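Open the model in your viewer and keep the selection tool at hand. The stops below go from a pocket to the core and end at a small sheet.

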Amino acid sequence: MMEADDASTSAALMKKFASTVKGVGVPEFGWRICLAHEFQEKRKPFQASNVSLSNIVEHLGLGVRYLKWWYRKTHVEKKAPFIDMINSLPLRQIYGAPLGGFGGGTITKGWRGEFCRWQLKPGMYHYKTVIADQFTVCLRRGGQTLYQQVLSVERPHTLQGWNWGFCGSFAFYHALYPRAWTVYDLPGQNVTLTCRQVSPIIPHDYQDTSLPAGVFVWDIENRNDFALEVTIMFTMMNGTGTKDDKKGGHWNEPFHLEKEGEAVSGVLLHHCTHINPYTMAIAARAQPGRHLSHQTAFSPTGMCRALWTDLITDGQLDSPAGPSPPTQKGEKTAAAVAACCTVPPLGKNTLEFSLVWDMPRIHFGAGEREHLRRYTRFFGSSGDAAPKLSHYTLTHYRDWERKIEDWQRPILENRSLPAWYKSALFNELYFLSDGGTVWVEVPSDADITGGLRSEQGGLPALPPVLSEFGRFAYLEGQEYRMYNTYDVHFYASFALIMLWPKLELSLQYDVDDEPWERVNAYLIHDTADWKDLNLKFVLQVYRDYHLTHDHTYLTDMWPVCQAVMESELKFDTDGDGLIENSGYADQTYDGWTVTGPSAYCGGLWLASVCVMCKMAQILKDDAVYQKYSDVLERGTASFEKILWNGKYYNYDNSGKSYSNSVMSDQCAGHWFLRASGIGDGEFQVFPQSNIHSALKTIFDLNVMSFANGTMGAVNGMRPEGVPDTSSVQSDEVWIGVVYGLAATMIHEGLVEEGFHTAEGCYRTVWERLGMAFQTPEAYCEKNIFRSLAYMRPLSIWAMQLALERREAEESAAP
């Protein structure tokens, strides 16, 4: 995992491992990297987008408001701001696939072997490599240790009694979420280790997908003509690398659990903080021919020679009985579990480890209410679930893998799909677990409406979907710490509705409770006057109904849809059937001013009016149908007259220099109609020829005339073929918007153009810039990015929906 001696050596080894992985179960597609390569050439020039003087001058009022708020939050209240544009996260090109299910926290193991990103407290991240958290291999023959090595590239200043610095040229990382593989070819030993990391992310599974757990399966291949004893040692510190680790009172204890003929052994690491205490457990599966041992506690500081010597002496640890004493203030503690097996000559064997964490009761920052995580429904909320979780994880992971393979296989084996797309489609799902995600139980006496229900009925106090499947929330981004940001979820929601539809429906119902009741954390603009939020709710309601056929859901949402659309009608100030924007950035592009009728909001409006007609038809509400049919007739005529210029829809009707810019997202309304199975025939809103012309124009200008067609679609492009620089967002590429645009192209038969458009984002983020498992909201052509690890790129699943829709239509055609 150090850098290769020379380029030819690295290339040869990558080729070797590419052929080797087929024999150890590594799939053909996914994000890959040789551990020797660290993107060094990209680190310095690519920087986060901080608040600059020019940006503040351009948006002076916005900048002054933000700076005042930022100062009060950081210097007076001494809290972390929910968006810190002054101190953006630096790009660290080290992350691999995160470990854990939805809503219980996540732990990220980097592709170089380190545990380096932690999200156990709800929505709070620590970007800290905990150096004691490692896997170590020990090879023995005839009672003598031949080789002992930490499987990490690190060369730390602590724990120098261990053998560090594994050469990265002899290792290879591959990720296809929710699994990852690291292949180690031990130099000079004729032994190959393959560590397979598995998390319980299973579509349509609402139990195991909630578990805070993961597995590391070590496949060992011995190419020698003699047998070897092979030990893998798993070490873990009690903590996550924060100051809490030294507060004292933390303690460890060994455990052994045998149930239904299966046994696991390990160590519990009790982290006894006042708020959100938790227990981590490292464990190994006990099977015939395997010897398990442990070290209950050791100090992860200094040289730490005792643990290293203990292992090297006989390939086992001392396994003391009883718990360790609680730590003193200023002291850290760690634990180790080792599993040993014999590998025959020219043979193979396997060792299995688990990592679980049990933080059943959580408080958010305000500390107002206690919430029970979703997994407590199945494993209890007393804080003693770690042994049961370890046992369940180690005895069920094979079933998880079978289900994962069944889910992914049809896509991976589809030869018509490019390899990069298969990698992006699955790997972008990391954000559903690692997006600060919380998934909690709902008390049986909860009233999600806050006691407010209209005379027409509307939402029940506690809808069955919430009672059965709980509350689900995820952050806008790891840097933009706001839950369920609805204008962005509009794009990301395709992943949920296609794979975990009950969570999407739960989110749609939920309008109350902490942090749900604290809906206005965002204060850059007054979102009450945003033009797109109500529309996106209505469009998602019908799309969700179309994909789930849940009539109860549609019936419950119908009064809400009527109310929000009635509220939206006030934005049609001249009665022409088309809403107007207010002269500021009053929609998801919150740094891009828009005035009067606009392509983006106007298109969303007309699409929403269309689905109101469709829902009224289904529910036989003739009055509402007639009302919105009239609005649609007037609105579509106005939209075409005011905004269509013969090639595409103008950005807005302000008459300003940028009003005729080409917006990449101008067909968002039509996109949702297509995703909802309408948009033509009786429910055609936009002329087909106009949509096709607009998409071709976007491809020619926003895609191919930007960065030579290699970086996706820029948000705004001038008709003469240069980016629109009128705002801080018009010359950005928004990855999630690009995937939605690509889906729209696929719906309209522009499949090649759609894949080329989306490929530019994947190549830029995952390959050229090394942003694996931290896909940002935006980047510019000139090496600037914004908001690492963001929600919107989950919209790549809209591409998959479009592909499946086309395949179904082609199969049904005579």
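Select α21 (796-812): in this predicted model, α21 contributes seven residues to the lining of the second largest pocket, the most of any element. Next add α7 (386-412), α11 (486-499) and α20 (751-768), which also give two or more residues each to that lining.

Now show side chains around the pocket. Its lining comprises 19 residues, and those nearest the centre are Asn414, Gln800, Leu803, Glu804 and Glu807. Colour the lining by class to find eleven nonpolar, four polar and four charged residues. The space inside amounts to about 400 Å³.

Then select Trp797. Which residues does Trp797 contact, leaving aside neighbours within four places in sequence? They are Trp407, Ile411, Leu425, Phe426, Leu429, Phe494, Ala495, Met498 and Leu499.

Trp797 also leads into the largest nonpolar core, a set of 254 residues in which Trp797, Trp218 and Phe353 have the most contacts. To see the largest share of this core, select helix α15 (residues 599-618), which supplies 14 residues.

For the last stop, move to the open sheet of three strands, ordered β3-β4-β5 with antiparallel pairing. Strands β3 (98-99) and β5 (115-119) are at the edges; each has a single partner strand, so one side of each lacks a neighbour in the sheet. Select β4 (residues 106-109) together with β5: the two pair antiparallel over four bridges. To pick out one bridge, select Lys109 and its partner in β5, Phe115.

Key:
Residues are numbered from 1 along each chain as its sequence is written. This is a predicted model: local features need pLDDT of at least 70, side-chain atom pairs count only at pLDDT 80 or more; totals for chains, interfaces and linings use all residues. Side-chain values use heavy atoms; hydrogens and water are left out. A nonpolar core is a set of buried Ala, Val, Leu, Ile, Met, Phe, Trp, Tyr and Cys residues joined through side-chain atoms within 4.5 Å. Buried means under 20% relative accessible area, exposed over 50%, partly exposed in between (1.4 Å probe, protein chains only). Contact means heavy atoms within 4.5 Å. On a 1 Å grid over the protein atoms alone, a cavity is a set of points where a 1.4 Å probe fits but cannot get out, and a pocket is an open set with protein on both sides within 12 Å along at least five of seven lines; lining residues have an atom within 4 Å of a point. Grid points are joined across faces, edges and corners, and a volume is the space filled by probe spheres set on the points. Ala, Val, Leu, Ile, Met, Phe, Trp, Tyr, Cys and Pro count as nonpolar, Asp, Glu, Lys and Arg as charged, and the others, Gly among them, as polar. Two strands pair if DSSP finds at least two bridges between them.
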